[in-house]
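Here is a walk through one protein model, taken a region at a time. Keep the structure open and follow along.

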Amino acid sequence: MSENISYTEAAKFLKSHDNYYILIHSSPDGDAVGSGYGLCFALREMGKKANVLCSDPIPEKYEYIMKEYEPQKFANSCIISTDLADTKLLGKATSMYADFVELAIDHHISNTGFAKKLVLDGQASSACEIVYDILKQGELPINPLIASCLFTGIETDTGCFKFECTTPRCHEIAAEIIRDHHIPFASINRTLFDIKSLERIKLEQRVMEGLRTYLDGKCAIAAVTLSDMEITGAAQEELEGVASLPMCIKGVSVGVTIKEKEPGKFKISMRSAEDIDVSEICRKFGGGGHIRAAGCTLEGDVDSVRLKVLAAIAPVMGIDLWLA
Ligand SMILES: [Mn+2]
């Protein structure tokens, strides 16, 4: 198990080493990208060497971050992670570092304690929020580029300050960032939340067409198969946010998205609007996450996976699946 350390201890740790590899989870989202690269740029500002390692390509929309990044060459690195709850999420290309993580910075209460030291705040909206406060409390550098990175993760993990995890602190940090660093927030917002590729729009159309409600209309399930991806030409990294589509339907309190990752292997994303703890449901399938956003992996075909998921959700909602 990890030793829990404070933000100031984490800042001290970051000052005390020279070369860093920063691990983030595969299928990187805004918080993984923002916290990983934000921390990387801060370490470089401190005169350290640092690279971010991710098993998957970084989605194109984060180009405003990636255009500032070149990998550096160095040896003997100290391995740290951000936004990584479990080393199982590392993916193939970085899984060899799983047992060597010195410091994890995370906001998932489900963090498995894989790192020697852990900064964990389950109340924080995002890993970016924690990285920001570590940098602030440790008086470490924050420049407009670092601020843009950290703003990104706070925005994406709070769904633009809409989700339950949004706190006064999120708004305070956003305010500090806008006041002190003059980041181009309007253009970042448009890039993150408004602009979609034509392929993604076509994929959304297909997903919406296949969207069905169950359990008295309280549960909605959407599926994205490999053939949907092929027909529309959408790339895997363009799937971010698809998981929120089933929740758009009035009356739905659990939204499920079934994404085929490889033939017969499905990533399940669950979202809930009310007091239903979807992380509890996902844990039954070996997954985890937050109360209102969680995930797991299931094998089979779309229909059998759909049934498995429904069978797990129905009792939690107090509905008999066979009568619904
Ligand atoms: Mn996160």
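Which residues coordinate the manganese ion? There are four: Asp31, Asp83, His107 and Asp157. The aspartates donate through OD, and His107 donates through NE2. The distances run from 2.1 to 2.3 Å. Bear in mind that this is a predicted model.

Now look at how the donors sit in the sequence. Their spacing reads D-x51-D-x23-H-x49-D. Take the pair of aspartate 31 and aspartate 83, which links distant parts of the chain, 52 residues apart. Aspartate 31 belongs to helix H2, residues 30-45. Aspartate 83 is in the loop between strand E4 (78-82) and strand E5 (103-106). Is this pair buried or exposed? Both aspartate 31 and aspartate 83 are buried. Aspartate 83 has a relative accessibility of 2%, so it counts as buried.

Stay on aspartate 83 for its backbone. Its phi is near 60 degrees, a positive value in a residue other than glycine. Phenylalanine 161 is another case, with phi near 65 degrees, again positive in a residue that is not glycine. Find phenylalanine 161 in the loop between helix H5 (144-157) and helix H6 (168-181).

Step back to the whole chain. The domain assignment gives domain 1, residues 3-193, and domain 2, residues 198-316. Taken over C-alpha atoms, the centres of domain 1 and domain 2 are 27 Å apart. Domain 1 brings 13 residues to the contact, and domain 2 brings seven.

How is such an interface sized? The accessible area lost when the parts come together is often the figure given. Between domain 1 and domain 2, the buried area is about 740 Å². Carbon and sulfur atoms give 50% of this area. On the domain 1 side, Pro59, Ser110 and Glu164 supply 36% of the area buried against domain 2. No other three residues supply more. How many salt bridges cross the interface of domain 1 and domain 2? The rule finds zero. The count of residue pairs in polar contact between domain 1 and domain 2, both at pLDDT 80 or more, is also zero.

Salt bridges do turn up elsewhere. A search of the whole structure finds 14. One of them joins the side chains of arginine 169 and aspartate 133, at 2.6 Å from N to O. This pair links distant parts of the chain, 36 residues apart, with arginine 169 in helix H6 and aspartate 133 in helix H4, residues 127-137. Aspartate 133 counts as buried because its relative accessibility is 10%. Arginine 169, at 25%, counts as partly exposed.

Arginine 169 has another partner. It forms a salt bridge with glutamate 172, where the closest N and O atoms are 3.1 Å apart. Why are these two separated by about one helical turn? Because they are three residues apart in helix H6. Glutamate 172 is partly exposed, with a relative accessible area of 42%.

A further salt bridge pairs arginine 206 with aspartate 228, the closest N and O atoms being 2.8 Å apart. Here too the pair links distant parts of the chain: arginine 206 is in helix H8, aspartate 228 is in helix H9 (residues 226-232), and 22 residues separate them. Arginine 206 is partly exposed at 34% relative accessible area, whereas aspartate 228 counts as buried at 10%. Elsewhere, salt bridges that share partners join Asp133, Arg169, Glu172 and Glu176 into one network.

Helix H8, residues 198-210, also holds leucine 203. Its relative accessible area is 1%, so leucine 203 is buried. Beyond its neighbours within four places in sequence, leucine 203 is in contact with Val224, Asp228, Met229, Thr232, Ala234 and Leu239. Along the chain, leucine 203 and glycine 233 are 30 residues apart, yet 8.3 Å separates their C-alpha atoms.

End at phenylalanine 285, in the loop between helix H10 (278-283) and strand E11 (288-289). Phenylalanine 285 is partly exposed, with a relative accessibility of 23%. Leaving aside neighbours within four places in sequence, phenylalanine 285 is in contact with Cys296, Thr297, Leu298, Lys308 and Ala312. The C-alpha atoms of phenylalanine 285 and valine 309 are 9.2 Å apart, with their positions 24 residues apart along the chain.

Conventions:
Residues numbered from 1 in each chain as written. Predicted model: local features only at pLDDT ≥ 70, side-chain atom pairs only at ≥ 80, totals over all residues. Heavy atoms only, no water. Donors = N, O, S within 2.8 Å, 3.2 Å for Na, K, Ca; no water. Helix = DSSP H or I, 4+ residues; strand = E, 2+ residues; numbered from the N terminus. Buried < 20%, exposed > 50% of the residue type's maximum accessible area, 1.4 Å probe, protein only. Contact = heavy atoms within 4.5 Å. Domains from an automatic or database assignment. Buried area = accessible area lost by both parts, 1.4 Å probe. Salt bridge = Lys/Arg side-chain N within 4 Å of Asp/Glu carboxyl O. Polar contact = N/O pair within 3.5 Å; in protein donor to acceptor, adjacent residues only side chain to side chain.
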